[in-house]
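Biologist: I am new to this structure and would like to get to know one part of it well. Could you pick a single part, take a close look at it, and walk me through what surrounds it?

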Amino acid sequence: MSIVADEPLIEQLISIRRHLHANPELSHEEFATTEAIRGWLREADIRITEYPLRTGVVAEVGGLRGGPIVAVRADIDALPVQEETGLPFASTVPGKMHACGHDFHTAAALGAALLLKRRERELKGTVRFLFQPAEEKAKGALQVIASGALEGVQAIFGLHNKPDLPVGTIGIKAGPIMAAADGFVVEVKGRGSHAALPEAGVDPIVASAHIITALQSIVSRNVGALDGAVVSVTRLNSGTAWNVIAEEAVFDGTLRTFDTAVRAKVRERFEQIVTGVGAALGAKAAVRWLEGPPAVVNDAEWAEWSAGKAKSIGLTVVEPAPSPAGEDFSFYLQRVPGVFYFLGTSGPQEWHHPAFDVDERALPIGASFFASLAVDALSRLAESTVAEEGRP
C-alpha cells in the first residue's frame, strides 16, 4: 500500500526537522527533544506508552482490534560538532550539531505516525514507534530493550539517511549492512630513563610504534580477501619532556568487522600482537576493550519483501555496499527480525561532517515509506497468523 504525504504534512515535517536541527542535544541529554516529540504526538492524539526511560519516547498507533505489533525506530541524539552549514536554522547550541541526520530520522518517523493515525482503524495490528536516545553512544537501543519496549514486537524497521544516494533511492540489502564497532585502549608499560641513556630503560614509544605497525598486518594477512575488517589506531599519548624516556604509552582506536567469526579472530590476533610484540621489546602491553554494537544484520526474508514494497511505491532500489560505520540498531535485530535501510538524501557531506545536511525532499519519502511498510507488514503478519491457525 502506498501512503503519500500531502503538502500540509510535508510543511509540518520540514518545520519539525528544522526545529530539531536548531536545538540539538547530545546522548543522554535529550530532555527538550523528548518533550518536543511528546508535544507533537499529543497534538495528533497519538497515544504515548510509558516505559522507564529518562529520555526518548515510545508511542503507538493502531491495535484497536488486537493483532501483531511491528516497530519503527528513529534515533534522536546529536553530536559534539560545531556546525558550519550556514543554514538559517543551523544549531543554536555551540559545539553541538545534528551532524548525522537524526533530526531527519525523527521527523520521518513522526511523519509516518501522523500518516498512520489518519487510518488507524484500518490497521491490522499495532505500529510501535521507538524514538530512541543515545545512538551515538551505542547505549540507547539496549536501554529501550531493557525498558520492555521491544516486547511483543514481531518485526522492526529503521533507516539511516545516505548522503551519497540520490533522493528517491533506497538501499536495501540482506545480511550485514553496517559493521560491528569495537574500541580499544592499549597500555604499554616500559621503564623510564634519561633520553641520552636509552639502554637504561625500556622505551614504551618505540614498543608502541612496533605494535601499531604490526597491527596493520591483521587485515592484510589474517582476514580473507572477501571478508571486511578495519583496524585503525587514532590516538597515541606518551611522555612529558623532550629529554625523558617515558614510563608508559597509551594508544587507542577502533576495530570494524561484519562477521562474528571474523570479529573474534581479529580481536584474538590483536591481543597476540600487542602482548607478543610488547614483550619482545621488553615492555608489558595489554588491551582493554570498549565493547561496541555488533554488526547490523538484516533479515533476508524481510529484506527481499521490503525491496518489492519500495519498488511498488516508486522508489529506486539498490543494493548498497556495507558501511564500516556502527549502529546500535543491531541490538534490536539480534532479538527481532527486521531491516535497516539507507535512504538517499543527496547530501553535500558525509555523516559527522560540520557541513553535513540533507535534501528535505527526502523527508516525505521517508515518512511515506515507513508508513506504507508498516501497514503492509502488519497485513503480512496477520495473514501468516491466520494461515498458521488454520493448519491441522
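Modeller: Happy to; what follows is a tour of strand 4 and the elements around it.

First, a word on the ground rules. This is a predicted model, in which local features need pLDDT of at least 70 and side-chain atom pairs count only at pLDDT 80 or more, while totals for chains, interfaces and linings use all residues. Residues are numbered from 1 along each chain as its sequence is written, and side-chain values use heavy atoms, with hydrogens and water left out.

Strand 4 covers residues 126–132. Helices (H or I, at least four residues) and strands (E, at least two) are DSSP runs, numbered from the N terminus. Of the 7 residues in strand 4, 7 are buried, so the strand is mostly covered. Here buried means under 20% relative accessible area, exposed means over 50%, and partly exposed lies in between (1.4 Å probe, protein chains only). In a regular strand the side chains alternate between the two faces of the sheet. You can follow this along strand 4: Thr126, Arg128, Leu130 and Gln132 point one way, while Val127, Phe129 and Phe131 point the other way. Whichever way they point, all of these residues are buried.

Now for the partners of strand 4. Two strands pair if DSSP finds at least two bridges between them. Strand 2 (57–62) runs antiparallel to strand 4, and 6 bridges join the two. Val58 has Leu130 as its bridge partner in strand 4, and Val57 has Phe131. Strand 2 is itself largely enclosed by the rest of the structure, because 6 of its 6 residues are buried. Strand 2 also has strand 1 (47–48) as an antiparallel partner, with 2 bridges between them. There, Arg47 is matched with Glu60 of strand 2.

Strand 3 (residues 69–75) is another partner: it runs parallel to strand 4, joined by 7 bridges. Arg73 has its bridge partner in strand 4 at Leu130. Between strand 3 and strand 4 the chain passes through helix 3, making a right-handed β-α-β crossover. Right-handed means that, with the strands pointing away from the viewer, the path from the first strand over the helix to the second runs clockwise.

Next, look at helix 2 (residues 31–43), which has 13 residues. From its first C-alpha to its last it reaches 19 Å, close to the 18 Å expected at 1.5 Å a residue. That expected span is 1.5 Å times one less than the number of residues. Thr33, Thr34, Ala36, Ile37, Arg38, Trp40 and Leu41 are the buried residues of helix 2. They pack against strand 4, and also against helix 1 (7–22), strand 1, strand 2 and helix 3 (102–117). Contact here means heavy atoms within 4.5 Å. Just past the end of helix 2 sits Asp45, with a positive phi of about 60°.

Helix 1, one of the elements that helix 2 packs against, holds Arg17. Is Arg17 buried or exposed? Its relative accessibility is 1%, so Arg17 counts as buried. The side chain of Arg17 makes a polar contact with the side chain of Glu360, at 2.9 Å. A polar contact is a pair of N or O atoms within 3.5 Å; within protein, one must be able to donate a hydrogen and the other to accept it, and residues adjacent in sequence count only if both atoms are side-chain atoms. Leaving aside neighbours within four places in sequence, Arg17 is in contact with Phe89, Asp103, Phe104, Ala107, Asp357, Val358, Glu360 and Leu363.

Finally, follow the chain into the loop between strand 4 and helix 4 (140–147), where Ala134 is found. Phi of Ala134 is near 55°, a positive value in a residue other than glycine. Ala134 has a relative accessible area of 0%, so this residue is buried.

To retrace the tour, start at the buried residues of strand 4, step across to strand 2 through the antiparallel bridges, and then to strand 3 through the parallel ones. From there, find the buried residues of helix 2 that pack against strand 4.
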